[in-house]
Amino acid sequence: MRTQVGIVGAGPAGLMLAHLLHLQGIESVVLEARSRDYIEGRVRAGVLEQTTVDLMVQAGVGERLQRQGLVHRGIYLSFSGRRHHIDMTELTGGRSLTVYAQHEVIKDLVQARLDAGGPILFDVEDVSIHEIDGARPKIRFRHQGQPQELECDFLGGCDGYHGICRTAVPEKALTAYERHYPFGWLGILAEAAPSSEELVYTYHERGFALFSMRSPMVTRLYLQCAPDEDLAGWSDDRIWEEMMTRCTTRDGWAPKQGPVIQRGVTDMRSFVIESMQYGRLFLAGDAAHIVPPTGAKGLNLAVADVAVLARAMAEFYRTGRRDLLDRYSETCLRRVWKVQRFSWWMTSMLHRFTSDNDFDQRRQIAELDYLTGSRAAMTSLAENYVGLPLD
Ligand code: APR
Ligand code: PHB
């Protein structure tokens, strides 16, 4: 088998890359280790920045998103028992954020792939990549029990943090930058109508809490917890009690309660690999970087990477020029590091750290108080939250 671009991974990065390449007349094959049902049902993040919405709409995959996505003007920051609204649409000259679950994005992109008649293989096994610094890199894998080899011009390493593409690069060619946080998030989905029209990020002395949503009937909530928190210790009653303690404001606002339909613990880390390219392999999305979820940036960063990559590949196939491809990593990393900074800042401002003392707690409250009282500071938060320009 031969194709122009071999793509490992059908997450937001791999699927969007395949679609953007298709729009430019470039062939690709997408290989995914899991089943279609699995990737279309996996509950993950759900906030799209304006930059991502614009890209999806321009690429013709934004129809359902525009119909079903919940457009928000801003968020609330809550501390010391009060909620403060940050009107991002007003602060950024009309930009907004859209709540639309990641697995809905996946469904739309899988459908676009099938409609285009583009190859996408699910349940592939034993995937490995070869000759990545040669002229004809190869992907070997097994599909339906049969060993296969796919020869490509380029490889898209879109297989997430635990994938095989990054580890195929010689260790000395990469530098990893990493930071772990001494906490995780316990996340739940509840069958309850959201009690606020917009997200509420809460700083509380018992730890961070986040109120989010998925639809007019489903609330999504997160609690700061230990990184290795044992879910068995969290009955529904305990979850709701902790949620109410952290979230309830003096004016009586609190999440509405309902049956918990899904739960899980996420650990938190910041991670960047430099460079994002090696030979003919281009890493994108979680394969190249991880952000803590506080800034809601993981999916958005993945989509931004492949927008840059698809443009560079399109220029190569149209003109034979490699300069955009050669600059792929450099172009992405400038934005990646800004988004890393923003995600780290949001995380640091809103969580309790075990190493913190009373001084740090007062400093955090002072930062939130300053932020919510300063138009300049709120504008900085807003322009990062709704999405920095692509370049
Ligand atoms: N072969 C084929 N597919 C693989 C392999 C492999 N060896 N290893 C992993 N995969 C698949 C995974 O099953 C997954 O579907 O690659 C896909 C990677 O997708 P994501 O993890 O969603 O990564 P990405 O597309 O970069 O999107 C980043 O997803 O993890 C969230 O919070 C993250 O929102 C961010 C976004
Ligand atoms: C979510 O709804 O899953 C969500 C929202 C905001 C975040 C992270 C996750 O910062």
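Biologist: In this predicted model, what makes up the shell around ligand 1 by class?

Modeller: The shell around ligand 1 has twelve nonpolar, seven polar and six charged residues. Leu counts as nonpolar, Glu, Arg and Asp as charged, and Gln as polar. Those types include the residues that come nearest among the 25 around ligand 1: Glu32, Arg44, Gln102, Asp286 and Leu299.

Biologist: Why is the pair between arginine 44 and ligand 1 called a polar contact?

Modeller: The cut-off is 3.5 Å between N or O atoms. A polar side-chain atom of arginine 44 lies 2.7 Å from an oxygen atom of ligand 1, so the pair is within 3.5 Å and counts. Glutamine 102 also has a polar side-chain atom 2.9 Å from a ligand 1 oxygen. For leucine 299, a polar backbone atom is 2.8 Å from an oxygen of ligand 1.

Biologist: How much of ligand 1 does the protein bury?

Modeller: The protein buries 87% of the 700 Å² that ligand 1 exposes when taken alone.

Biologist: Which helix gives the most to the shell around ligand 1?

Modeller: Helix 8, with three residues. Helix 1 (12-23) and helix 8 (298-319) each supply at least two residues of that shell.

Biologist: Which residues of helix 12 are called buried, and what is the cut-off?

Modeller: Buried means under 20% relative accessible area. In helix 12 (residues 375-385), Ala377, Met378, Leu381, Ala382, Asn384 and Tyr385 are buried.

Biologist: How do you know on which side of helix 12 they sit?

Modeller: Their arc around the axis is only 165°, which puts them on the same side of helix 12. Residues three or four places apart point the same way because an α-helix has 3.6 residues a turn.

Definitions and conventions: Residues numbered from 1 in each chain as written. Chains lettered and ligands numbered in written order. Predicted model: local features only at pLDDT ≥ 70, side-chain atom pairs only at ≥ 80, totals over all residues. Heavy atoms only, no water. Near = heavy atom within 4 Å. Polar contact = N/O pair within 3.5 Å; in protein donor to acceptor, adjacent residues only side chain to side chain. Areas by Shrake-Rupley, 256 points an atom, 1.4 Å probe, with all protein chains shown as cover. Helix = DSSP H or I, 4+ residues; strand = E, 2+ residues; numbered from the N terminus. Buried < 20%, exposed > 50% of the residue type's maximum accessible area, 1.4 Å probe, protein only. Arc of directions from axis to C-beta.
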